[in-house]
Amino acid sequence: WSDMIVGQNIFNDVNGSTGVTLKWLITYLRENKVALSEYPIGESMEEKLAFCYASYFTWFSWYENSDADKKLFLTRFKSALSTQKSRVKKRTGNLKVLNVNVSEETHDKIRDISISEGISNSRVIEHAINLAWKDKRFKN
C-alpha cells in the first residue's frame, strides 16, 4: 500500500492547512459506499487516516469496479474536496488571529477533543468560548 499512497495520495489535503477534516472525509467515503463497513475506526488521527486509505485502496484494488467507475469517483472526490476547501475558506475569511499561552494540561484537553471530534483546535476553543459566553449571558 505504500506504493499506492505514493502514487495515489488523494487524501493529502485532508487535515492540513486547508481545514478539511477527517470527519468530513470519513462521511464522504461512507456516503459514496467506499468506506469499509465492517472495519472499526480508531480514535487517533493516524488511525482514522489509515481507515480512509484502507477503505479507498480496498475499494480501488479488490472490488470489481471498472476503470470508468474509478475515474468517476476520483473526479467527484476532487470536486467535493475543492468545494469543501472553498466552504472552509469562506468561513475563515472573517477570523482574527489570537495567540494565547495555555497550560500543557489544557492543550492536551483541547487536542483530545479535536481528535475525537475530528475538528480543529480552533473550533474547539471557539466552541468553549461560545458555551462560556452563553452561560454568562443566562446568569445575568
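Helices here are DSSP runs of H or I with at least four residues, numbered from the N terminus. The model is predicted.

**Exercise 1. Describe the secondary structure and the burial of the protein chain.**

Solution.
Step 1. Count the elements: the protein chain has six helices and zero strands.
Step 2. Put them in order: from the N terminus on, they run α-α-α-α-α-α.
Step 3. Turn to burial: 27% of the 140 residues of the protein chain count as buried.
Step 4. Turn to the surface: about 10400 Å² is exposed, with 52% of it supplied by carbon and sulfur atoms.
Step 5. Take the contacts in the protein chain with a separation of 6 or more: residues 24 or more positions apart account for 60% of them.

**Exercise 2. Classify the ring pair Trp24 and Phe77, and locate both residues.**

Solution.
Step 1. Rings pair if their centres lie within 6.5 Å, and planes that are neither under 30 degrees nor over 60 degrees apart count as tilted. By this rule there are 12 aromatic pairs.
Step 2. The ring centres of Trp24 and Phe77 are 6.2 Å apart and the planes stand at 40°, so this pair is tilted.
Step 3. Trp24 belongs to helix α2 (residues 22–31) and Phe77 to helix α4 (residues 67–92); with these positions 53 residues apart, the pair links distant parts of the chain.
Step 4. Trp24 and Phe77 are both buried. In α2, the buried residues include Leu22, Leu25, Ile26, Tyr28 and Leu29 as well as Trp24.
Step 5. After α2 comes Lys33, which has a positive phi, near 55°.

**Exercise 3. Treat the ring pair Trp59 and Phe73 in the same way, and name the aromatic cluster that holds these residues.**

Solution.
Step 1. For Trp59 and Phe73 the centres are 5.1 Å apart and the planes are at 50°, so the pair is tilted.
Step 2. Trp59 is in helix α3 (residues 45–61) and Phe73 is in helix α4, so the pair ties together parts 14 residues apart in sequence.
Step 3. Buried means under 20% relative accessible area. Trp59, at 10%, is therefore buried, and Phe73, at 7%, is therefore buried.
Step 4. One aromatic cluster is formed by Trp24, Tyr28, Tyr53, Tyr56, Phe57, Trp59, Phe60, Phe73 and Phe77.

**Exercise 4. Work out the surroundings of Lys70.**

Solution.
Step 1. Lys70 lies in helix α4.
Step 2. Leaving aside residues up to four places away in sequence, Lys70 touches Trp59, Phe60 and Asn65.
Step 3. The charged end of Lys70 sits over the ring of Phe60, 4.5 Å from the ring centre.
Step 4. A salt bridge needs a side-chain nitrogen of Lys or Arg within 4 Å of a carboxyl oxygen of Asp or Glu. Lys70 is buried yet has no salt bridge, and Asp67, the nearest side chain of opposite charge, is 4.4 Å away.

**Exercise 5. Find the salt bridge of the structure and state how exposed its two residues are.**

Solution.
Step 1. Side chains of opposite charge can pair when their charged atoms come close.
Step 2. The structure holds one salt bridge. It joins the side chains of Lys109 and Glu105, at 3.1 Å from N to O.
Step 3. Lys109 and Glu105 both lie in helix α5, four residues apart, which is about one turn of the helix.
Step 4. With a relative accessible area of 48%, Lys109 is partly exposed. Glu105, at 52%, is exposed.

Technical notes:
Residues numbered from 1 in each chain as written. Predicted model: local features only at pLDDT ≥ 70, side-chain atom pairs only at ≥ 80, totals over all residues. Heavy atoms only, no water. Phe/Tyr/Trp six-rings, centres within 6.5 Å; stacked < 30°, edge-to-face > 60°. Helix = DSSP H or I, 4+ residues; strand = E, 2+ residues; numbered from the N terminus. Buried < 20%, exposed > 50% of the residue type's maximum accessible area, 1.4 Å probe, protein only. Lys NZ or Arg CZ within 6 Å of the ring centre and 35° of its normal. Contact = heavy atoms within 4.5 Å. Areas by Shrake-Rupley, 256 points an atom, 1.4 Å probe, with all protein chains shown as cover. Lys, Arg positive; Asp, Glu negative; His and termini not counted.
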